[in-house]
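Please open the structure in a viewer and keep the sequence at hand. The tour below proceeds from one selection to the next and describes what is found at each stop.

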Amino acid sequence: MANPSLLILAGDGIGPEVMAEVKKIIGWMGAKRGVSFDVTEDLVGGCAYDKHGVPLHDDTMAKAQEVDAVLLGAVGGPKYDSLDFSVKPERGLLRLRKEMDLFSNLRPAQCFDALADFSSLKKEVVAGLDIVIVRELTSGVYFGEPRGIFVEGNERVGINTQRYTESEIARVARSAFELARKRGNKVCSMEKANVMESGILWRDVVQEIHDKEYPDVQLSHMYADAGAMQLTRWPKQFDVIVTDNLFGDLLSDLAAMLTGSLGMLPSASLGAPMANGRPKALYEPVHGSAPDIAGTGKANPIACILSFAMALRYSFDMGEDAARVEAAVEKVLADGLRTADLMGPDGGTPISTTQMGDAIVAA
Ligand code: ATP
Ligand code: MG
């Protein structure tokens, strides 16, 4: 059988720095676990613009469509701020998302015990937390027509349209149910069916897909405002939450901050299933290129490493190896190792990006 294939797009700023630590883990897996990946590396963002005059070359785009998973670092930086909008680094990432049709955005909120003090919530509320928010990413109120600012009578009116088709709801629902089967087998769907027609359709379609295709998964429904309240009251009641683009935008930021630092947060964006049955997928840390610390060795590589762990679990069916990586992260944190972003004002001496990567490999 062919090796699993991975396209690495490290990008700009701290992207290559954090990605270097992932490559150590890939090397370790080859040497110690006999797991080989077909890894291709290419450019995205500002570095692609520097070489090709575009933030994503057509050949790179084609490669992304072929591989089992894409792992991306970060794009952008002050050097590219004055570029024309059409060639900005971020456009490279947007093109990947659009052409791969990545409609399902996974944002885990996972709290490592050693960092539970970082949360704004009480320790017992967040310690051991492990949930995923699935946000519909390509439709809904951010895209629906009509939209615009119009003049009505003697005043202006701002209009956006929340619009969801049955198939758009069905495909993101399936992706949430598939995910739940690999985790705690529980999905909570959030909408506002009490006040929105799109919410009524959302609830109906999610229920229908469940009853027909995923009756083994435990499904509940919640209004999104109540969901926000429950997420801060007792987040451990959830496993997978599926919601629309707008509510997902808010709820995933809220959930992310239950756990603390930006340097810890991975993400995945999934599309339609490929010939092998697994979804098209792009994994990336939630943080950006962090130009303020690029080149200083201060970047926390954990978000990128956990993004790779998500790829292991969701694209490569290597759940055990994913758990191994996560356990290594847990261990180094429990041992007290901290990059600068994980330290309070009187925290002691931080370790560097490479030291953190080495420690995780050793663990
Ligand atoms: P983008 O527009 O790409 O999201 P941004 O400017 O909004 O970028 P980041 O680049 O993520 O955000 O940086 C926000 C802040 O968080 C910066 O001060 C940065 O140094 C810090 N930061 C981001 N990622 C990390 C990391 N992996 N380790 C340590 N600090 C980080
Ligand atoms: Mg930002």
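## Helix H4 and its surroundings

The buried residues of H4 pack against helix H2 (46-52), helix H3 (58-66), E3 and E12. The model on display is a predicted one. To view this packing, select helix H4 (residues 89-99) and colour its buried residues, which are Pro89, Arg91, Gly92, Leu93 and Leu96.

Next, move along the chain to Asp101, in the loop between H4 and E4. Most residues other than glycine have a negative phi, and most peptide bonds are trans. Asp101, just after H4, instead takes a positive phi of about 55°. Is Asp101 buried, exposed or partly exposed? With 15 C-beta neighbours inside 10 Å, Asp101 counts as partly exposed.

## The open sheet

Now select the strands. In what order do the 10 strands of the open sheet stand? The order is E2-E1-E3-E12-E11-E4-E5-E10-E8-E9, and the pairing is mixed. E2 and strand E9 (218-223) stand at the edges with a single partner strand each, so one side of each has no neighbour in the sheet. On average, neighbouring strands of this sheet are turned by 20° against each other, direction ignored.

Begin at the E2 edge. Strand E2 (residues 38-42) pairs with E1 in the parallel sense, over five bridges. Select Leu9 and then its bridge partner in E2, Asp42. Strand E1 (residues 5-11) is largely enclosed by the rest of the structure, because six of its seven residues are buried.

Continue to strand E3 (residues 69-74), which pairs with E12 in the parallel sense over two bridges. Here Val70 has Leu282 in E12 as its bridge partner.

Strand E11 (residues 266-273) is the following stop; six of its eight residues are buried, and the strand is mostly covered. On one pairing, E11 joins strand E12 (residues 279-285) in the antiparallel sense over six bridges. Ser267 stands opposite Glu284 in E12. On another, strand E4 (residues 104-110) and E11 pair in the antiparallel sense over three bridges. Ser104 stands opposite Leu270 in E11.

## The hairpin turn

Select the five residues between E11 and E12, which together form a hairpin. Gly277 in this turn has a positive phi of about 90°. Arg278 is also found in the loop between E11 and E12. This arginine counts as partly exposed, because 17 C-beta neighbours lie inside 10 Å. Which residues does Arg278 contact, leaving aside neighbours within four places in sequence? They are Asp68, Pro273 and Ser315. For a sense of distance, add Val187 to the selection: Arg278 and Val187 are 91 residues apart in sequence and 20 Å apart in space, C-alpha to C-alpha.

## Helices H7, H8 and H9

Turn to helix H7 (residues 197-213), which lies across strand E8 (186-191), E9 and strand E10 (240-243). H7 runs at about 160° to E8.

Then select helix H8 (residues 224-233) and helix H9 (residues 245-256). Two packed helices are described by the angle between their axes and the distance between the axes. For H8 and H9 the angle is about 5°, and the axes are 10 Å apart. Angles under 35 degrees count as roughly parallel, and H8 and H9 are therefore roughly parallel to each other. Which residues meet at this contact? Ala224, Gly227, Ala228 and Leu231 in H8 meet Phe247, Leu251, Leu254 and Ala255 in H9. By class, the contact of H8 with H9 comprises seven nonpolar residues, one polar residue and no charged residues.

## A cis peptide bond

Select Glu145 and Pro146. The peptide bond from Glu145 to Pro146 is cis, with omega near 0°. Pro146 has its place in strand E6 (residues 144-152).

## Ligand 1 and Ala290

For the final stop, display ligand 1 with the 15 residues around it. Those that come nearest are Gly263, His287, Gly288, Ala290 and Asn300. The shell around ligand 1 has seven nonpolar, six polar and two charged residues.

Within this shell, centre the view on Ala290, in the loop between E12 and helix H10 (302-314). Ala290 has a positive phi of about 40°, although it is not a glycine. Is Ala290 buried or exposed? Ala290 counts as buried, because 24 C-beta neighbours lie inside 10 Å.

Technical notes:
Residues are numbered from 1 along each chain as its sequence is written. Chains are lettered from A and ligands numbered from 1 in the order in which they are written. This is a predicted model: local features need pLDDT of at least 70, side-chain atom pairs count only at pLDDT 80 or more; totals for chains, interfaces and linings use all residues. A residue is near a molecule or strand if its C-beta atom, placed from the backbone, lies within 6 Å of it. Ala, Val, Leu, Ile, Met, Phe, Trp, Tyr, Cys and Pro count as nonpolar, Asp, Glu, Lys and Arg as charged, and the others, Gly among them, as polar. Axes are lines fitted to C-alpha atoms, for helices over the stretch in contact, and angles run from 0 to 180 degrees between N-to-C directions. Helices (H or I, at least four residues) and strands (E, at least two) are DSSP runs, numbered from the N terminus. Angles under 35 degrees count as roughly parallel, over 145 as roughly antiparallel, 65 to 115 as roughly perpendicular and the rest as oblique. Two residues are in contact if their C-beta atoms, placed from the backbone, lie within 7 Å. A residue is buried if 20 or more other C-beta atoms lie within 10 Å of its own, exposed if 12 or fewer, and partly exposed in between; C-beta atoms are placed from the backbone. Two strands pair if DSSP finds at least two bridges between them.
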